[in-house]
Amino acid sequence: MSAAKPTTGIANADELLELAYAFDLTVDVQTKTTDDGFTSHVVRISIPVPPAYAGTELGRLIAAETLTLLWTRSGRKGSRGRLDDATRFDPTSSRKLRTLREVRDAVEFLGHESTTHARATAPLPEEVVDAPHTVHVDGRQVHPGLPADNVRHVVKTRRAKGWGCHQDETGTIHTDNGRSYVPLVDQTAGAPATPVDERRHVRTVDGGTPQIISTRDALAEMNDAMMKPGQRHVREMSAAGSRARIVYRDAERGTVELRPATAADLTTAPAARPASVVLATDPIPVDGSVLTDMPGESVGPAGVPTRDAVAHDAYVAQERNGGAWQLPNHDNRAHLTRADVIGATAYVRKSSAHARVSVDTDGTVYVSNGYQAARYIPASLIADCSADLCPGCSTPYASNGDGPCTGGRSLTPEERQRAAEKDQRRAHAYAGKWWAEQGTDTPTDDALRDAFQHCTKPPRPKLYPAIRDAIAASTPPVAAAPLFAAHAAYESVMHATSLAPSDIQDVAHQLEELRRAAPRRLHAQIHAAAVAADAAWPLIKTAGSLAERNAAYDQARDAVTRARAAILAVAPRAHRMHGTDLPATDTAIRAAARAYNAYGSTSDELIGTEYGPAVVRVRCRSDRGSGWTVTAVITAGVNAPFGFLPAHPPLVVKFTRKDGRLDPAESARRLIGPMFKVDVPVEYENDRRV
């Protein structure tokens, strides 16, 4: 026996401890000795909880399985120890043990249970990472690289003997004796890649078109201009940080300006659009202000330098008036140069300490001091823009007078609100058409374009995001939980095997409801099955002769068969409710209840799923024979004001009681309660009909 393992010095007690150690059980010995030499030993033997079960209900049940022994021995010479008390505890009761044989049997039972739990949570040999492993003992590495086959042999041996071990998310094998087997990362594949320098600079020659180059090339040009022999080709140079202005002696090389690229520089320039579209665009929210809600990056000492933000040669100015952008009067031309915009931003910044300037990703510059606001749109964004023509009304400045422009304005807040409401109504209409024809297909841009291309007025691409939001907001109950809608439809098919006309009619209605929960590729099959069922039930009611009845029944059986195939195409598991499909959260149970009861329920009943508490109900009853067999009917649902609204077909579980003194509901709570992994209350009740 290891010196680190506690003992009692009493032969019979130490034999039991040896047995517990052999099973790798947890042993705790508390010894107390009085002044007259009387010694007592309280021995507690329990099952170690596997790490995979730690913190779970099963883990608490395992920890409750204990054996407590009280051994005593007097201080007289030659006295022997004796077993004064032995109690075995389980989650629901406790039992006194009278003999050493019963105590030994209890220790062996705990050992076998420990082996079972350890084997159930231990990794399989094939789950060991196929790589060398470093061996650590109590956090200290003792072996640099153990082959994976050796680690598999260790796992296999510990599984066979029932010794505890588990594997964490990194693939490390941990044993209960303090050893860890850590897989080595492939040094070739796992080595970090050499970082790529993605920094960019803007290079401009003689104020022309900016060119994006790598920062490495920009710094190389600066160094070449400052050092010999490249210095002799430079007439003048000024540099600060990573910026530089180089004037070359050669006129063809001209004057080069280098600066770090901003986000606007790296963004692909948008294609030019008509002036009416560009000038009507307004990114400022309806209830916002230009000062606080201007888009883009801040321009100034704490942001993008002004000379970098104002990078275009020509701009078109708009002023803010009445919550809308409009062009200035004709006597104040809207076309400005780069120098004009730089001067305007400097003037606004000096006029008020609260002034703000920003540059959007498309190069538009916004300025505001809280009282006045303006924006400067790059002329390259406007198609066919000419400095001699007003961009709003396309009239020449030379002859259009000095009055206001009749065009070139954005919408006022009221107009924008009305336009947004109109777009919202159209989006909801398109969403209804989508659910009627496309079902649960993903509404990508291409899918939306294909779905609405035959409409009298197809939606504009900029309306697609609103349509997608409307599709998500108007999701039918059956589409939110297709599996449970399929369960309801399959139940109607099982009822229709009686070939009653009303049951077959229910199948047709259930299929039409299920079609909205299916992808478009299954719509034709589901619709054909629904049409067949809808055509079969009137024939049964109107059949007169025997031949007509036989033909009607044959057609009804064929319709039921087609309906079953269509339902299983939508949800292959719809023929049976599985325990793993039980909805576990409040939201999931409510969605399942709405889908399961979508057909045949009133609007008040469906609305009731939003107000009542979501629960899992377990209704229990004993058999009429001995009463030891308990049948538990498990149903998740909503306790609506008018009654319980189920969310799925019932799950039936049968088990044998462990304690005849407990009623069926309490027996179910103790035996199957730990199996529930739900976030809602579980209600156990005895079936009143029994």
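**Asp282, strand β22 and two open sheets in a predicted model**

The side chain of Asp282 forms a polar contact, at 3.0 Å, with the side chain of Arg320. The structure described here is a predicted model, and the values that follow are computed from its atoms. Asp282 is placed in the loop that runs between α8 (275-280) and α9 (290-293), and a polar atom of the Asp282 side chain also lies 3.1 Å from the backbone nitrogen of Ile284. With a relative accessible area of 13%, Asp282 falls under the 20% cut-off and is therefore counted as buried. When residues up to four places away in sequence are left aside, the residues that Asp282 touches are Arg320, Gly323, Trp325, Arg375, Ser410 and Arg416.

Among these contacts of Asp282 is Arg375, a residue of strand β22 that is itself buried. Strand β22 (residues 373-378) is largely enclosed by the rest of the structure, because six of its six residues are buried. The burial extends to both faces of β22, with Ala373, Arg375 and Ile377 on one side and Ala374, Tyr376 and Pro378 on the other. Strand β17 (residues 314-321) runs antiparallel to β22 and is joined to it by five bridges, with Gln318 standing opposite Arg375. Strand β21 (residues 365-368) is likewise antiparallel to β22, the two being joined by four bridges, and here the bridge partner of Arg375 is Tyr366. β21 and β22 make up a hairpin in which four residues separate the strands, and Gly370 in the turn has a positive phi of about 95°.

Elsewhere in the model, an open sheet of five strands with antiparallel pairing follows the order β1-β2-β3-β4-β5. Its edges are formed by β1 (26-33) and β5 (94-96), each of which pairs on one side only, and neighbouring strands of this sheet are turned against each other by 15° on average, direction ignored. The edge strand β1 runs antiparallel to strand β2 (residues 39-46), to which it is joined by eight bridges, and within this pair Thr31 stands opposite His41. Helix α3 (residues 100-121) lies across β2, β3 (66-73) and β4 (82-89), and runs at about 140° to β3.

A further open sheet of five strands, also with antiparallel pairing, has the order β7-β6-β10-β9-β8. Strands β7 (140-146) and β8 (165-167) stand at its edges with a single partner strand each, so that one side of each has no neighbour in the sheet. The average turn between neighbouring strands of this sheet is 20°, direction ignored. At one of these edges, β8 pairs with strand β9 (residues 173-175) in the antiparallel sense over three bridges, and His166 has His174 of β9 as its bridge partner.

Helix α18 (residues 523-542) comprises 20 residues and spans 30 Å from its first C-alpha to its last, which is close to the 28 Å expected at 1.5 Å a residue. The buried residues of α18 include His523, Ile526, Ala529, Ala530, Ala532, Ala533, Ala536, Trp537 and Ile540. In an α-helix, residues three or four places apart point the same way, because there are 3.6 residues a turn.

Note on methods:
Residues numbered from 1 in each chain as written. Predicted model: local features only at pLDDT ≥ 70, side-chain atom pairs only at ≥ 80, totals over all residues. Heavy atoms only, no water. Pairing = 2+ DSSP bridges. Axes fitted to C-alpha atoms, helices over the stretch in contact; angles between N-to-C directions. Buried < 20%, exposed > 50% of the residue type's maximum accessible area, 1.4 Å probe, protein only. Polar contact = N/O pair within 3.5 Å; in protein donor to acceptor, adjacent residues only side chain to side chain. Contact = heavy atoms within 4.5 Å. Expected span 1.5 Å × (residues − 1).
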